[in-house]
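Visitor: I have a structure open on my screen and would like to talk it through. Could you show it here and take my questions one at a time?

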Amino acid sequence: MIRPFPRSRAFAHLALALALSGCAAQMAYKDGQDLAAQGHGPEGLAKLEEASRLEPGSAKYRMAVLQTRDRLIASEVARAETQVRQGRLDEAESLVSPMVAAGTANDRALAVLRSIAQRRRGDLLMKQARA
């Protein structure tokens, strides 16, 4: 009976580990896509990020992360814009401030913050004028 060389055993273990991580990445990707499609965006994004971490060379996984993140940001910014129009400035600010802190804010999110600040200054001037 021929015993395998230690190198070939190490190679077999490495190949198995790579195959399993690929399976885990594929499962995380599928779970992320499913969650995002069901309206669970943040949870879906976390799964997609996991897939991208497990298989960092995958352009498919990275693109899914970027697209899902962009959709989530756009959705939150749209909600914040609605809150500003309704005069709910604190609520609007609570939606966009985490984006700014995380460095994921886009131009629309920054415009919402400027709008909030402008509206608050206007409200303050009106209060001062009435006093």
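Visitor: Is Lys47 buried, partly exposed or exposed, going by its relative accessibility?

Guide: Happy to start there, with the note that this is a predicted model. Buried would need a value under 20% and exposed one over 50%. Lys47 has 27% relative accessibility, so it counts as partly exposed.

Visitor: Which side chain does Lys47 meet in a salt bridge?

Guide: The partner lies in helix H2 too, three residues apart from Lys47, about one turn of the helix. That partner counts as partly exposed because its relative accessibility is 29%. The N to O distance of the pair is 3.6 Å, and the partner is Glu50.

Visitor: What distance separates the end C-alpha atoms of H2, and what span should its residues give?

Guide: Helix H2 covers residues 41-54, which is 14 residues. The expected span takes 1.5 Å times one less than that number of residues. The expected span therefore agrees with the distance between the end C-alpha atoms, and both are 20 Å.

Visitor: Where around H2 do the buried residues sit, on the same side or on opposite sides?

Guide: The buried residues of H2 are Gly41, Gly44, Leu45, Leu48, Ala51 and Ser52. They cover an arc of only 115 degrees around the axis. Pro42 and Arg53 are exposed on the other side of H2. The arc therefore puts the buried set on the same side.

Visitor: Which elements give two or more residues to the lining of the largest pocket?

Guide: This pocket has a volume of about 210 Å³. Its lining includes Pro42, Leu45, Arg69, Leu72, Ser94 and Leu95. By class, the lining has seven nonpolar, two polar and two charged residues. The elements with two or more lining residues are H2, helix H3 (59-85) and helix H4 (89-102).

Visitor: Which residues are linked with Arg120 in a network of salt bridges?

Guide: One salt bridge joins the side chains of Arg120 and an aspartate at 2.6 Å, N to O. That pair links distant parts of the chain, helix H4 and helix H5 (residues 107-130), 30 residues apart. In the other, the closest N and O atoms are 3.0 Å apart, and because its partners lie in H5 and H4, the pair ties together parts that are 27 residues apart in sequence. The residues linked with Arg120 are Asp90 and Glu93.

Visitor: How many salt bridges does a search of the whole structure find?

Guide: We have already met the one between Glu50 and Lys47, and the network of Asp90, Glu93 and Arg120. For the whole structure, the search finds seven.

Conventions
Residues numbered from 1 in each chain as written. Predicted model: local features only at pLDDT ≥ 70, side-chain atom pairs only at ≥ 80, totals over all residues. Heavy atoms only, no water. Helix = DSSP H or I, 4+ residues; strand = E, 2+ residues; numbered from the N terminus. Buried < 20%, exposed > 50% of the residue type's maximum accessible area, 1.4 Å probe, protein only. Arc of directions from axis to C-beta. 1 Å grid on protein atoms, 1.4 Å probe; cavity = no way out; pocket = protein on both sides within 12 Å on 5 of 7 lines; lining within 4 Å. Points joined across faces, edges and corners; volume = space filled by probe spheres on them. Nonpolar A, V, L, I, M, F, W, Y, C, P; charged D, E, K, R; others polar. Salt bridge = Lys/Arg side-chain N within 4 Å of Asp/Glu carboxyl O.
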